[in-house]
Amino acid sequence: MRSKATRGRSNRARFNAAVGSVAGNPRVPNTADLEEALFMASLEAHYSARDIEARILAAVRAAGLNPEQRLSPEELGALDHFHTGGLRASRELLELAQIRAEDRVLDIGAGLAGPARMLASALGCRVDCLEMSPDYCAGAVLLNRLTGLEDRISVHEGSALDMPFPDDSFDVVWMQNVGMNIADKRKLYAEIYRVLKPGGRFAFQEMAAGKMATSYFPLPWATDPADNFLVSAEEMRSVLGESGFIAELLEDTSDVHLSRTTANATPAAPGQLGLAVFVDNLAQKAGNARRSLEEGQVRLVRGVFRVN
């Protein structure tokens, strides 16, 4: 049983390494590594949530729930599914992914681990969560404990481009609204391919580029354009294919999503759980995301791909 998040290489460590020696000269910074470290620091700031454990506990009590008694993942669903469509989208992806109880699952960019708890409770499978935000890792560990699922879910702090797992570790890799923050899609998909077992499946939901540039910021995934790395659904399919994946499903769900209510997109009413507990400026971010989707600047897609 894990009671703490497993820590990967921190952004501070990356920064210290980046300004280390080049050709033996400790005063010359490694420019490429420094740029990566600064970007990661900016991304971590976007996904920071100071005092997240206290904020979660206060919100749980305000919603009339008792954190001293075991909570169900369903009771927390409005709080811990930080992606387009919320809990409903996670349940729909679960149906498509065909995950079995005996499968070992990796959730990349797991956030507060809401989907991981859904999978572990509904199917009984084991889930590893990989998340770059130390605040989100802390929140995930807390919620795993409050739901009594810490024996089935492990939380790791780290990068999707340098995963701390051996080859052929997982039957399924799960990812929702993560690739928008990752410029090097080839490296991302190569890492996913590496950790999947032969015949393993990659189930994902993602924001894709539309017919025009994204112009409304901040967004839930990006404070400004420097953090926004969208590609079209066609490019996504192409790069996944070049990385060794076989497409079983890739569909655009933008219109279906827009026809539904804006659940999980606006701050919850006082006394109700919602993303605003840990996502600052939620109303503006969610409003910009919906406007971008309505105007065709972004598209919402989901897919299931299989390893050869």
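**Helix H7, salt bridges and aromatic pairs in a predicted model**

Both Tyr189 and Phe202 are buried. The structure discussed here is a predicted model.

User: Which geometry, stacked, tilted or edge-to-face, describes the ring pair of Tyr189 and Phe202?

Analyst: Tyr189 belongs to helix H8 (residues 185-195) and Phe202 to strand S6 (residues 196-209), so the pair links distant parts of the chain, 13 residues apart. The ring centres are 6.3 Å apart and the planes stand at 55°. Planes under 30 degrees apart count as stacked and those over 60 as edge-to-face. The angle falls in the remaining class, and the pair is tilted.

User: Which residues make up the cluster of ring pairs that contains Tyr189 and Phe202?

Analyst: The count of aromatic pairs in the model comes to ten. Ring pairs join Tyr189 and Phe202 to further aromatic residues in one cluster. Its members are Tyr189, Tyr193, Phe202, Phe204, Phe245 and Phe305.

User: How many aromatic pairs are counted, and what is the geometry of the one formed by Phe82 and Tyr136?

Analyst: The count is ten aromatic pairs. For Phe82 and Tyr136, the ring centres lie 6.5 Å apart and the planes meet at 65°, so this pair is edge-to-face. Phe82 sits in the loop between helix H4 (77-80) and H5, while Tyr136 is in helix H7, so the pair ties together parts 54 residues apart in sequence. The answer is therefore ten pairs, with this one edge-to-face.

User: Is Tyr136 buried or exposed?

Analyst: Its partner Phe82 has a relative accessible area of 21% and is partly exposed. For Tyr136 the relative accessibility is 3%. Because buried means under 20%, Tyr136 counts as buried.

User: Why is helix H7 described as largely enclosed by the rest of the structure?

Analyst: Helix H7 (residues 134-146) has 13 residues and reaches 19 Å from its first C-alpha to its last, close to the expected 18 Å. Its buried residues include Pro134, Tyr136, Cys137 and Leu146. H7 is largely enclosed because the number of its 13 residues that are buried is ten.

User: Which residue with a positive phi follows H7?

Analyst: The helix itself covers residues 134-146. The residue following H7 has a phi near 70°. That residue is Gly148.

User: What is the closest N to O distance in the salt bridge between Arg88 and Glu92?

Analyst: Arg88 and Glu92 both lie in helix H5 (residues 86-97), four residues apart, about one turn of the helix. Glu92 is buried, at 19% relative accessible area. A salt bridge requires the nitrogen and oxygen to be within 4 Å. The closest N and O atoms of Arg88 and Glu92 meet this at 3.8 Å.

User: Which residues are linked with Arg88 and Glu92 in a network of salt bridges?

Analyst: The model has 19 salt bridges in its count. Arg88 and Glu92 form one of them. The network links these two with Glu251, Arg260 and Arg302.

User: What separates the closest N and O atoms of Arg291 and Glu295?

Analyst: Arg291 is partly exposed, at 40% relative accessibility. Glu295 is also partly exposed, at 35%. These residues form a salt bridge whose closest N and O atoms are separated by 3.2 Å.

User: How far apart are the C-alpha atoms of Leu249 and Gly303?

Analyst: Leu249 is found in strand S7 (residues 245-252), and its relative accessible area of 23% makes it partly exposed. Beyond its neighbours within four places in sequence, Leu249 contacts Leu96, Arg302, Gly303, Val304 and Phe305. Although Leu249 and Gly303 are 54 residues apart along the chain, their C-alpha atoms are separated by 4.9 Å.

Definitions and conventions
Residues numbered from 1 in each chain as written. Predicted model: local features only at pLDDT ≥ 70, side-chain atom pairs only at ≥ 80, totals over all residues. Heavy atoms only, no water. Helix = DSSP H or I, 4+ residues; strand = E, 2+ residues; numbered from the N terminus. Expected span 1.5 Å × (residues − 1). Buried < 20%, exposed > 50% of the residue type's maximum accessible area, 1.4 Å probe, protein only. Salt bridge = Lys/Arg side-chain N within 4 Å of Asp/Glu carboxyl O. Contact = heavy atoms within 4.5 Å. Phe/Tyr/Trp six-rings, centres within 6.5 Å; stacked < 30°, edge-to-face > 60°.
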